[in-house]
Amino acid sequence: MVIGGISIWLGVTLLFLHAARHRRETWPAEKAGAIIAWGGVAFPIVVLLLLLGYAVWLMPAIRPWNPLAEKDGAIEVTGEQFWWRIRYPAVGDQPAFETANEIRLPVGRPATFSLKATDVIHSFWIPALGGKMDMIPGRTNYLTLTPTRTGSYRAPCAEFCGASHAYMAFSVIVMEEDDYNAWRRRLINGQASAANEGGQLLQRHGCVGCHSLRGLQVAGQTAPDLTLIGARLSIGAGALANTPENIARFIRSPSSVKPGAKMPAFNMLPEDDIEEIARYLGGLK
């Protein structure tokens, strides 16, 4: 796209300079028409057709033309106002598990995503890895991407979805195969301690009525899973850096961070309780 755009821009600029330079004689209509036809019509058409052909050539690698077996093993991503529910499929003897607002992938291996939405249209887009795909309520779309280098990338929602659209993003961490497998095992086996004071406060104040946290008796399904939340790069779907201070800030008043967030404010809780919960969640790694 950049090469094509620069080519057309250079062509138009050269035509403009050629037409604007001073000359004594008058151009005949035939010559002017030829310059317009070749420079203003034929050249852009050729460039755009080359770009179209390149895009069509790329499509099999990124679009949902995959065997059903690959779709069955897809990572399920659901867009909600204003966060991302992410469910990894079972692999071998490892069970399926759910997390939120962060995707981890092994480098060099194609990853198929099953894309859904529960409320309004969202759009799944990882700019560093490939194209975008809309997430439409009542419909499942598929997208396949192949990460080619390790690193951390930001992925914003690419479709306006409400007041906190600009604060709805997720992190993508591409890892070496061994590191990825170790992360999967750690997340599957991660357990919150109900005996810990922070875990007791989460249950006492009703947090687990909406949030799930493996190891606690009650597991809500309407809000992001908090298992090993301390290892994530951000909180609030990319709204804040992941620190105990920011976790406490979000607990006190989510709507001050993300307008329209469905989580109610808990600023009525004792400040010591809020800080203890924030420290507890920040330490789940």
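In the next few minutes I will talk about one sheet, the helix that packs on it, and a cavity in this structure, which is a predicted model.

Let me begin with the sheet, which is open and made of three strands in the order S4-S10-S9, with mixed pairing. As a general reminder, strands of a sheet pair through backbone hydrogen bonds, and they can do so either parallel or antiparallel. Why is one side of S4 and of S9 left without a neighbour in the sheet? Strand S4, residues 102-106, and strand S9, residues 151-156, stand at the edges and have a single partner strand each, so one side of each has no neighbour there. If we ignore direction, neighbouring strands of this sheet are turned against each other by 25 degrees on average.

Looking at one pair in detail, S9 and S10, the latter covering residues 169-175, run antiparallel and are joined by six bridges. In one of these strands, S10, we find Ala-169, which is the bridge partner of Pro-156. Helix H4, residues 177-189, packs on the sheet, where it touches S4 and S10, and its direction makes about 135 degrees with that of S4.

That brings me to the cavity. A search of the whole structure finds one cavity of 30 Å³ or more, and the largest cavity has a volume of about 80 Å³. Its lining includes Glu-102, Arg-104, Trp-183 and Leu-187, as well as Thr-227 and Arg-232. The elements that give two or more residues to this lining are S4 and H4, and H4 also touches S4 as it packs on the sheet. By character, the lining residues divide into four nonpolar, two polar and three charged.

Technical notes:
Residues numbered from 1 in each chain as written. Predicted model: local features only at pLDDT ≥ 70, side-chain atom pairs only at ≥ 80, totals over all residues. Heavy atoms only, no water. Pairing = 2+ DSSP bridges. Helix = DSSP H or I, 4+ residues; strand = E, 2+ residues; numbered from the N terminus. Axes fitted to C-alpha atoms, helices over the stretch in contact; angles between N-to-C directions. Contact = heavy atoms within 4.5 Å. 1 Å grid on protein atoms, 1.4 Å probe; cavity = no way out; pocket = protein on both sides within 12 Å on 5 of 7 lines; lining within 4 Å. Points joined across faces, edges and corners; volume = space filled by probe spheres on them. Nonpolar A, V, L, I, M, F, W, Y, C, P; charged D, E, K, R; others polar.
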